[in-house]
4 protein chains.
Amino acid sequence: MQITTEQAERVLKASILKARDLGVSVCIAILDSGGHLKTFHRMDGAWLGVIDVAIKKAKTSALFEMETQVLDNYSKAGADAHGIELTNGHLVTFAGGIPLKDVDGQMIGSIGVSGGQVAQDYAVAQSGQSALKG
Amino acid sequence: MQITTEQAERVLKASILKARDLGVSVCIAILDSGGHLKTFHRMDGAWLGVIDVAIKKAKTSALFEMETQVLDNYSKAGADAHGIELTNGHLVTFAGGIPLKDVDGQMIGSIGVSGGQVAQDYAVAQSGQSALKG
Amino acid sequence: MQITTEQAERVLKASILKARDLGVSVCIAILDSGGHLKTFHRMDGAWLGVIDVAIKKAKTSALFEMETQVLDNYSKAGADAHGIELTNGHLVTFAGGIPLKDVDGQMIGSIGVSGGQVAQDYAVAQSGQSALKG
Amino acid sequence: MQITTEQAERVLKASILKARDLGVSVCIAILDSGGHLKTFHRMDGAWLGVIDVAIKKAKTSALFEMETQVLDNYSKAGADAHGIELTNGHLVTFAGGIPLKDVDGQMIGSIGVSGGQVAQDYAVAQSGQSALKG
């Protein structure tokens with residue numbers, strides 16, 4: 001199953017609400033489970049540079065079915081797969097990208113958020129994911 | 001001036017309504033006037049291949065401040081600038097990309113639509129632009 | 001010999017004067033004979049899309065030591081080297097790129113101009129080249 | 001607002017004067033606030049390799065609205081956004097790129113300088129920025 005427009009809109013809306021709550025301007029990218037762009041929005045005031053970061057976070061989570069910061073365990077200096085972040089047209093290995101799962105726990109896509117502090121980006125992405133529950 | 005979230009949402013909503021009217025599933029990309037992604041949406045059922053077409057249409061209109069099919073007058077076989085479509089990471093020279101102007105006629109971005117017949121894509125893009133008037 | 005700052009400034013100044021004479025807003029790229037950027041200027045009002053066109057015109061002329069439109073004789077449909085414009089990260093095969101030669105006829109670089117009608121771009125590039133004579 | 005030709009020429013001239021003062025040969029790239037090339041110059045004697053460094057420094061400052069070395073706080077080993085320098089076609093995170101602001105403090109573009117010691121590059125870039133004041 002792939003994320004639908006209805007689901008993507010719920011995720012986007014919840015993410016933007018959370019970002020406004022936190023007072024940050026972010027980019028939010030939502031991909032399907034094949035890593036293809038479904039929905040994207042850049043909030044007013046977000047840096048131009050975070051467009052690509054948000055998309056790459058979502059891509060990383062779609063392609064490896066994990067939260068971006070988890071991949072850092074494998075890619076960091078000394079780790080088994082050091083340098084893996086250079087594959088796939090470059091990956092992002094800090095928090096803000098997470099897989100999106102439907103109510104049955106099935107992966108349907110991913111979300112990537114960038115523009116705030118990394119912990120804020122992660123909180124925004126989690127709010128997006130939560131919108132798919134119930 | 002750059003397109004705002006409020007403006008982009010109006011453009012996106014009008015475009016999707018028009019696409020539904022026409023019964024087509026399209027991708028809609030909205031860029032600022034510097035060619036940077038502001039908002040994107042892929043309707044359910046749209047081909048994966050039209051993600052890039054929609055974005056490139058919008059990019060073409062942002063970078064050359066004209067509707068995409070106008071550039072064809074310059075790029076087609078025998079025309080003065082044949083091959084210009086190979087620049088800027090490739091351009092699209094058929095209809096569906098148009099500059100977005102605010103109520104004062106100021107260019108604030110562009111829209112690119114792909115997924116239907118070319119005439120349908122163009123109609124959807126025009127509906128998006130119309131949403132910025134009044 | 002490679003183009004010097006003093007020479008590049010003369011070429012740039014003459015080109016801009018000619019462009020103003022013609023009432024067009026262009027981008028002017030000046031490369032050395034190795035195809036590396038020496039000087040660039042985008043006039044106010046020039047389309048963003050012609051940055052890349054001007055640079056690619058100059059690159060084409062530097063790499064093949066000929067005016068860009070001459071390469072079209074080889075690259076056009078039916079010609080011997082049809083498709084050669086797809087090499088070197090893409091070339092431009094319409095007028096506006098010309099080799100730059102010093103007073104002794106030695107090639108020292110190239111100029112690429114884009115933003116006006118093709119004939120205007122060519123005239124601007126020629127004015128740039130003329131500034132190196134005498 | 002975007003940087004004008006008149007402003008870019010002032011910035012470039014002040015930068016070159018400073019570089020000559022310091023006795024270094026540098027490349028100077030000036031972009032608009034959307035990250036698009038406005039003006040570029042490579043001084044005689046500058047390494048070919050610093051063309052790309054100067055442009056990437058300016059791009060980094062345009063896209064993230066900060067001096068390049070500030071981004072290092074986020075991207076260095078152990079920092080929150082380690083690896084962010086791999087996004088946007090690669091960024092530069094050492095000094096020499098700074099945002100350009102007009103007299104009202106409005107960001108209108110960026111400058112990137114490379115070719116000397118990093119501290120020298122930074123001093124040259126600052127001289128360029130200073131030319132926009134008063």
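This passage looks at how chain A meets chain D, and then at how chains A and B are related, in a predicted model.

Start with the contact between chains A and D. Chain A puts 14 residues into it, and chain D puts in 15. The size of an interface is often given as the accessible area lost when the parts come together. Here, chain A and chain D bury about 1200 Å² between them, and 64% of that lies on carbon and sulfur atoms. On the chain A side, three residues stand out: A:Trp47, A:Leu48 and A:Phe94 supply 40% of the area that chain A buries against chain D, more than any other three residues.

What about charges and polar groups? The count of salt bridges between chain A and chain D is 0. Polar contacts do turn up, though, with 6 residue pairs counted between the two chains, both partners at pLDDT 80 or more. As for where the touching residues sit, helix α2 of chain A (residues 50-64) gives the largest share of the chain A side, with 4 residues. Sorted by class, that side has 8 nonpolar, 3 polar and 3 charged residues.

Now for chains A and B. Two copies of a chain are related by a rotation about an axis and a shift along it. To lay chain B over chain A takes a rotation of 180° with 0.1 Å of shift along the axis, and the fit has an RMSD of 0.1 Å. That is the relation of a two-fold axis. Within chain B, B:Phe40 has the C-alpha nearest the axis, 2.4 Å from it. The interface residues of chain B are also, at 100%, interface residues in chain A, so the copies meet through the same surface.

Notes
Residues numbered from 1 in each chain as written. Chains lettered and ligands numbered in written order. Predicted model: local features only at pLDDT ≥ 70, side-chain atom pairs only at ≥ 80, totals over all residues. Heavy atoms only, no water. Contact = heavy atoms within 4.5 Å. Buried area = accessible area lost by both parts, 1.4 Å probe. Salt bridge = Lys/Arg side-chain N within 4 Å of Asp/Glu carboxyl O. Polar contact = N/O pair within 3.5 Å; in protein donor to acceptor, adjacent residues only side chain to side chain. Helix = DSSP H or I, 4+ residues; strand = E, 2+ residues; numbered from the N terminus. Nonpolar A, V, L, I, M, F, W, Y, C, P; charged D, E, K, R; others polar. Least-squares fit on C-alpha atoms with pLDDT ≥ 70 in both.
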